[in-house]
Amino acid sequence: YKRFKMNSQVDMAMEKEKRKYLLCFHDLSIDNTSKVLPILNKLKSIIGNPFPVLVIPSTKNFSKEQVSEFSGILQNLQNDGFELLIHGFNHQADKNLTRNLYGKIALSLTNNEAEFAGLQEKDSALLLQNAFNCWDSFNLKQPIGFVAPTWHGNRFLKKQVLANDLIFEERFFLRKNNCKKIFSPVISFAGMPKFSFPLLLLAGKTLNLFSPGIPRLALHPSDFPFLENKIFKLVETINKNFTFSFYRDLF
């Protein structure tokens, strides 16, 4: 009995020592639900619970029936415990908007996906409001946070997001009003050359050895099915060595 009690105490101590990690799935949109939902369910079964999902809210050029179906899918995910965040508006930049040099470079590096990069204050606020308006039309609870597509923003965006009492995610930091910022390095395969995948997978497995802060694994629909089996195994490994966390539990 004493040995069993001692082993239980050791196991509990080791569990407490496990560092937190974030797994977030990016780019759920109205036109990819049939592909993404099975992946979300598989990841949920591996982790043992739902997790954060980043939603592209724009429904432009889709029918009322399609929008209603998408809204229902998002409501079901939220009711099932998935933590939903807003991920930009269109995830594609409006080239008619004025941008500084940084914004223009960001667009060239991201295949025009960095829609908030280098915008002026007025345009950034309007684009953000468009995203909020779409979100409100889905009859969802307030999103937990906001993540700009490709993490490229502008010098006004952080203040605009925090003013709405949302968590603001950058490439290396998480922020919330009146809270200490959290260092959160991210591993992502999206947009990376294929030759880098083995190194990224290795980095994901060894995050606990080399990375301070709250490690973050950002998955995208484009990772599947090419990396599907490797990603599922990576998530299994990370989940054994880390304690899963939601964004809301970090602040």
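**Exercise 1. Does Asn76 count as buried or exposed?**

Keep in mind that we're working with a predicted model. Find Asn76 to begin with: the residue sits in helix α3, which covers residues 64-79. Next, look up the relative accessibility, which is 54% for Asn76. The cut-off for exposed is over 50%, so Asn76 counts as exposed.

One more step with this residue: compare sequence and space. Asn76 and Ala125 are 49 residues apart along the chain, and their C-alpha atoms are 29 Å apart.

**Exercise 2. Work out how α2 and α9 are arranged, and list what they touch each other with.**

Start with the geometry. Helix α2 takes in residues 33-47 and helix α9 residues 228-241; they pack at an angle of about 30°, and their axes are 9 Å apart. Now classify the angle: values under 35 degrees count as roughly parallel, and therefore α2 and α9 are roughly parallel to each other. For the handedness, α2 passes α9 in a right-handed crossing.

Then go for the residues. On the α2 side you'll find Lys42, Leu43, Ile46 and Ile47. They meet Phe232, Val235, Glu236 and Asn239 in α9. Sorted by class, this contact of α2 with α9 holds five nonpolar, one polar and two charged residues.

**Exercise 3. Which residues of α7 are buried, and where on the helix do they sit?**

Helix α7 runs over residues 197-205. Picking out the buried ones gives Phe197, Leu200, Leu201 and Gly204. Now look down the axis of α7: the buried residues fall within an arc of 100°, so they line one face of the helix. Finally, turn to the face pointing away from that buried side, where α7 carries the exposed residues Pro198 and Leu199.

**Exercise 4. Repeat the packing analysis for α7 and α9.**

The angle here is about 20°, and the axes of α7 and α9 are 9 Å apart. That makes α7 roughly parallel to α9. Their crossing is right-handed. From α7, the contact uses Leu201, Gly204 and Lys205; from α9, it uses Lys230, Leu234, Thr237 and Ile238. By class, the contact of α7 with α9 comes out at three nonpolar, two polar and two charged residues.

Now link this back to Exercise 3: Leu201 and Gly204 are buried residues of α7, and both take part in the contact with α9.

**Exercise 5. Hunt down the backbone oddities in the loops, and check how accessible Asn111 and Trp151 are.**

Take the peptide bonds to begin with. Phe224 and Pro225 are joined by a cis peptide bond, with omega about 0°. Pro225 belongs to the loop between β9 (216-219) and α9.

Next, scan for positive phi in residues other than glycine. Asn111 has phi near 55°, and its place is the loop between α4 (101-109) and α5 (121-137). Trp151 has phi near 70°, and this residue lies in the loop between β4 (145-147) and α6 (157-162).

Last step: accessibility. Asn111 has a relative accessible area of 62%, so Asn111 is exposed. Trp151, with a relative accessible area of 14%, is under the 20% cut-off, so Trp151 is buried. The pair shares a positive phi, but Asn111 is exposed whereas Trp151 is buried.

Methods
Residues are numbered from 1 along each chain as its sequence is written. This is a predicted model: local features need pLDDT of at least 70, side-chain atom pairs count only at pLDDT 80 or more; totals for chains, interfaces and linings use all residues. Side-chain values use heavy atoms; hydrogens and water are left out. Axes are lines fitted to C-alpha atoms, for helices over the stretch in contact, and angles run from 0 to 180 degrees between N-to-C directions. Helices (H or I, at least four residues) and strands (E, at least two) are DSSP runs, numbered from the N terminus. Angles under 35 degrees count as roughly parallel, over 145 as roughly antiparallel, 65 to 115 as roughly perpendicular and the rest as oblique. A crossing is left-handed if the near helix is turned anticlockwise from the far one by less than a right angle, and right-handed if clockwise. Contact means heavy atoms within 4.5 Å. Ala, Val, Leu, Ile, Met, Phe, Trp, Tyr, Cys and Pro count as nonpolar, Asp, Glu, Lys and Arg as charged, and the others, Gly among them, as polar. Buried means under 20% relative accessible area, exposed over 50%, partly exposed in between (1.4 Å probe, protein chains only). The arc is that of the directions from the helix axis to the C-beta atoms.
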